[in-house]
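Student: Please take a close look at one part of this model, the largest pocket. What lines it, and what does it hold?

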Amino acid sequence: MTQSIMSIRKQEAGKLYILSGPSGSGKSTILKGVLARLPEAHFSVSATTRGPRHGEVPGRDYHFMTKEEFYELAGVSGFLESAQYVGNWYGTPAAPIRERLARGVDVLLDIEVQGAAQVKERMPEAVTIFLFPPSLAILEQRLRRRGTDTEEKIVARMKRAREEYARALFYDYLVINDTREDAMEEVLAIIKAEHCKLESRRHLIT
Ligand code: 5GP
């Protein structure tokens, strides 16, 4: 075989990766690190009715919307999936994902468990990764340290985290976010391994 890895990758279809895990498990930090290492991959920016947190940039972190705008987009089936999370709506715009995958670009989603189940039903080839914090106590510490939620929201996010743990059973991969570096390496290894699967490279065997 004389082809380079780059030219082999160019002939492969794009893959859809879903990263879920309780709020505060470190998904966005891990994804930022992964995307820095995979500049050709695309991060899907979700729509949400939640207000921006300090430092969040519209269009980069989320498309921030009113409920009316969100429902309008949902009505024209603009979302691949959508779900409510602790009082706010979140949804994945479908068109940018379909367009990227068709061009062979890998797409990464940071979405909660109900949305992940909807995507997996529509696109069973999607690769699902569940990110665990080392423990529930550490998760609560991280949420409090972040300082962006009221006490009521922290209690709601912790309740939701306990429910989400049970759904981890339905994921393809589990990653523990003990140290950021290790978790990032594991996610990168999953992405690489998925591209090496026989069904991704069958076209190389003539
Ligand atoms: P946060 O408010 O902390 O940014 O996000 C709350 C939860 O919503 C997180 O678990 C995050 O992964 C999830 N989330 C973000 N965007 C989407 C989306 O488009 N769809 C779904 N179903 N969940 C999302």
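**The largest pocket and its ligand**

Tutor: Helix H2 (27–37), strands E5 and E6, and helix H6 (136–146) each contribute at least two residues to the lining of the largest pocket. H2 gives the largest share of that lining, with seven residues. The model is predicted, and what follows describes it as such.

The largest pocket holds about 980 Å³ of space. It is lined by 37 residues, of which Lys27, Ser28, Arg53, Tyr62 and Asp110 are the closest to its centre. Sorted by class, the lining comprises 16 charged, 12 polar and nine nonpolar residues.

This pocket is where the ligand sits. Two elements, strand E5 (79–85) and strand E6 (88–93), give two or more residues to the shell around the ligand. Both strands also supply at least two residues each to the pocket lining, as do H2 and H6.

The shell around the ligand can be described in the same way. There are 18 residues around the ligand, and those that come nearest are Arg50, Tyr62, Tyr90, Asp110 and Glu112. Tyr62 and Asp110 are also among the residues closest to the centre of the pocket. By class, the shell has seven charged, six polar and five nonpolar residues.

Individual polar contacts give more detail. Lys27 places a polar side-chain atom 2.7 Å from an oxygen atom of the ligand; Lys27 is also one of the residues closest to the pocket centre. For Ser46, a polar side-chain atom likewise lies 2.7 Å from an oxygen atom of the ligand. With Gly91 the backbone is involved: one of its polar backbone atoms is 3.1 Å from a ligand oxygen atom. On its own the ligand has 510 Å² of accessible area, and the protein covers 96% of this.

For reference, the second largest pocket has about 580 Å³ of space. Its lining consists of 22 residues, and Met6, Arg9, Leu38, Glu40 and Asp106 are the closest to its centre. Helix H1 (5–10) and helix H8 (180–196) each supply at least two of the lining residues, and H8 provides the largest share, seven residues. That lining has 10 charged, 10 nonpolar and two polar residues.

To return to the part you asked about: the ligand sits in the largest pocket, H2 supplies the largest share of the pocket lining, and E5 and E6 are the elements that give two or more residues to the shell around the ligand.

Note on methods
Residues are numbered from 1 along each chain as its sequence is written. This is a predicted model: local features need pLDDT of at least 70, side-chain atom pairs count only at pLDDT 80 or more; totals for chains, interfaces and linings use all residues. Side-chain values use heavy atoms; hydrogens and water are left out. A residue is near a molecule or strand if one of its heavy atoms lies within 4 Å of it. A polar contact is a pair of N or O atoms within 3.5 Å; within protein, one must be able to donate a hydrogen and the other to accept it, and residues adjacent in sequence count only if both atoms are side-chain atoms. Accessible areas come from the Shrake-Rupley method with a 1.4 Å probe; for residues, only the protein chains shown count as cover. On a 1 Å grid over the protein atoms alone, a cavity is a set of points where a 1.4 Å probe fits but cannot get out, and a pocket is an open set with protein on both sides within 12 Å along at least five of seven lines; lining residues have an atom within 4 Å of a point. A molecule sits in a cavity or pocket if more than half of its atoms lie within 2 Å of its grid points. Helices (H or I, at least four residues) and strands (E, at least two) are DSSP runs, numbered from the N terminus. Ala, Val, Leu, Ile, Met, Phe, Trp, Tyr, Cys and Pro count as nonpolar, Asp, Glu, Lys and Arg as charged, and the others, Gly among them, as polar. Grid points are joined across faces, edges and corners, and a volume is the space filled by probe spheres set on the points.
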